[in-house]
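Colleague: Before I rely on any of the labels attached to this model, I would like to hear the reasoning behind them. Could you take me through them one at a time?

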Amino acid sequence: MHDDIFPAAEKILTDIENIFKRDKLLKDFEIVPVTVGENKSPVLHAEHTLGLQEWCVRHLYVHVYHKVMNLKRQQRLRREDPSVLSRLLLGGVLLNPDCTTLWNIRREFVVLGRFDPLTELHINAITLSRRPKSAESFVYRRWILKRMTAEPLESATLSSIIEEELQVSLMAADRYANNYHAWNHRMWVMSHIPQAQDKFYDEWTTSEIWVSKHVSEHSGLQYREFLLNQVDQHLEHTDYCLKFQSSLESFLSPLKHSIFNSDFSKHSTVSQRLYQSFVDLLDKKESCSQCPMNCKENNFMLQIGFLAYELLLVTDLIHLYPGHEALWCHRRFVLFCFFSLSKKISCNSTKESDIMDGIPLPKTQKLCVLEIDSDKCFLWWLVMQHEDALIKDCVIKTTEESYQTKLALRHEKWIKSVLICKENLSCRTQSVS
């Protein structure tokens, strides 16, 4: 293909590059639906947004792609004028961020020191504004971050990078429904940049607000599950203890109306102490510590507080937005967490459960039956009280043919077939008149 097939290509690429140089706050790139070319530049710029008229997109990309491929084939990439190559690669990744070859060439020049990593992150964020589900863009972004964090950085610079990554992933999630790549990138940032763990409680609040507005988003709820798996690393006393105290009291409310009869001599010491802490919390007894939940004396209190808060949040969302299967699936994950914690408390064991490690079970084990001894699991008894109440409420308040009723009955069947509580005559509930 001849270079002059689209004579305006170089002028358009130069205009785009000049906008990037002038506007350091540039945040968006969009294709403007103008199908007929006019006698003026198709490049638009307003309010930190870059626009390109649609009529020239195909011609411009063909020009960029063939020119870059010819240089690569002739092994002239490193000898080409850096300013010309920079314009070509910028235009290429903006128009098609899913082209792996273009990102690989950019990688090569980052390694050579010709491209600045911070500038690369900015360009990458602009490409994601138009293609928020571009897997190649997120892969390249993580590659840049790995290189940058491999060397010591100033605390302020690192905090700024983390904040930017969280904003970019949230922007991508908002612009494309069920954007697995955006939430996966967010998990990667929280997992691979140690300083990002300082944002744990901010992320807990942010994700709660987000999933409350996007109740059908499996990917957003999966990120919430990722945070629940990180709870073990954040069991120190925080301001959230006051927030969890209210939800924990609501979670423990069945103890006010029913008596859990069991021979506590059969319970582990941890289980007995935890039960007494629950009773003291309901009786509003003052704790010897400053924390109303007394979480320092009982490490399980804060874990239960997290899970109780999540269980009640999902309950409210199921009632507010009936018929969303994603919420019921997320609830099953919370039950798995409760189940694992109940067994740990009952057995007084520190062994980690396979359920809690965040790795999906093998296909042959997904439907395996999990059992727990009801004689030693008052926590699991509490959870089942809430499940029974939710299922009955959904069945009573909706018609038999409604999708909400079907989801509730399906959830009940799942509990009975997967999470089985061994019957024991010494563990029953009695109504308190």
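The exchange below goes through those labels in turn.

Modeller: Bear in mind from the outset that this is a predicted model. The protein chain holds 17 helices and seven strands, and buried residues make up 49% of its 433 residues.

Colleague: What share of the contacts with a separation of 6 or more joins residues 24 or more positions apart?

Modeller: Such pairs account for 73% of those contacts in the protein chain.

Colleague: How do you know that the span of helix α2 agrees with its number of residues?

Modeller: Helix α2 runs over residues 57-73, and its 17 residues, at 1.5 Å a residue, should span 24 Å; the end C-alpha atoms are 24 Å apart, and therefore the two values agree. The residues of α2 that count as buried are V57, L60, Y61, H63, V64, V68, M69 and L71, and what covers them includes the helices α1 (9-22), α3 (82-95) and α4 (100-111), together with the strands β1 (28-32) and β3 (49-53).

Colleague: How does α8 fare under that reasoning?

Modeller: With 13 residues at 1.5 Å each, α8 should span 18 Å, and its end C-alpha atoms are 18 Å apart, so expectation and model agree. Buried in α8 are A182, W183, H185, R186, M187, W188, V189 and M190, and these pack against α6 (135-149), α7, α9 (200-213) and α10 (218-229).

Colleague: Why is Q75 called exposed?

Modeller: The label exposed requires a relative accessible area over 50%; Q75 has 66%, and therefore Q75 counts as exposed. Q75 lies in the loop between α2 and α3, just after α2.

Colleague: What makes the phi of Q75 worth a remark?

Modeller: Most residues other than glycine have a negative phi. Q75 is a residue other than glycine, yet its phi is positive, near 55°. H48, in the loop between β2 and β3, is not a glycine either and has a positive phi of about 60°.

Colleague: Why, then, are H48 and E38 called partly exposed?

Modeller: Partly exposed covers what falls between the 20% limit for buried and the 50% limit for exposed. The relative accessible area of H48 is 33%, so H48 is partly exposed, and E38, at 45%, is therefore partly exposed as well. E38 lies in the loop between β1 and β2 (43-46), and its C-alpha is 9.9 Å from that of Q53, 15 residues apart in sequence.

Colleague: How do you know that N178 makes a polar contact with H218?

Modeller: A polar contact needs N or O atoms within 3.5 Å, and a polar atom of the N178 side chain lies 3.0 Å from the backbone nitrogen of H218. N178 sits in the loop between α7 and α8 (180-192), and its 31% relative accessibility is why it counts as partly exposed. Leaving aside residues up to four places away in sequence, N178 touches K133, S216, E217, H218 and S219; S216 is 38 residues away in sequence but 8.3 Å away, C-alpha to C-alpha.

Colleague: What makes up the lining of the second largest pocket?

Modeller: That pocket holds about 800 Å³ of space, and of its 34 lining residues the closest to the centre are L118, T119, E120, H122 and I123. The lining divides into 16 nonpolar, seven polar and 11 charged residues; α1, α3, α4, α5 (117-130) and α7 (155-175) each supply at least two of the lining residues.

How values were computed: Residues are numbered from 1 along each chain as its sequence is written. This is a predicted model: local features need pLDDT of at least 70, side-chain atom pairs count only at pLDDT 80 or more; totals for chains, interfaces and linings use all residues. Side-chain values use heavy atoms; hydrogens and water are left out. Helices (H or I, at least four residues) and strands (E, at least two) are DSSP runs, numbered from the N terminus. The expected span of a helix is 1.5 Å times one less than its number of residues. Buried means under 20% relative accessible area, exposed over 50%, partly exposed in between (1.4 Å probe, protein chains only). Contact means heavy atoms within 4.5 Å. On a 1 Å grid over the protein atoms alone, a cavity is a set of points where a 1.4 Å probe fits but cannot get out, and a pocket is an open set with protein on both sides within 12 Å along at least five of seven lines; lining residues have an atom within 4 Å of a point. Grid points are joined across faces, edges and corners, and a volume is the space filled by probe spheres set on the points. Ala, Val, Leu, Ile, Met, Phe, Trp, Tyr, Cys and Pro count as nonpolar, Asp, Glu, Lys and Arg as charged, and the others, Gly among them, as polar. A polar contact is a pair of N or O atoms within 3.5 Å; within protein, one must be able to donate a hydrogen and the other to accept it, and residues adjacent in sequence count only if both atoms are side-chain atoms.
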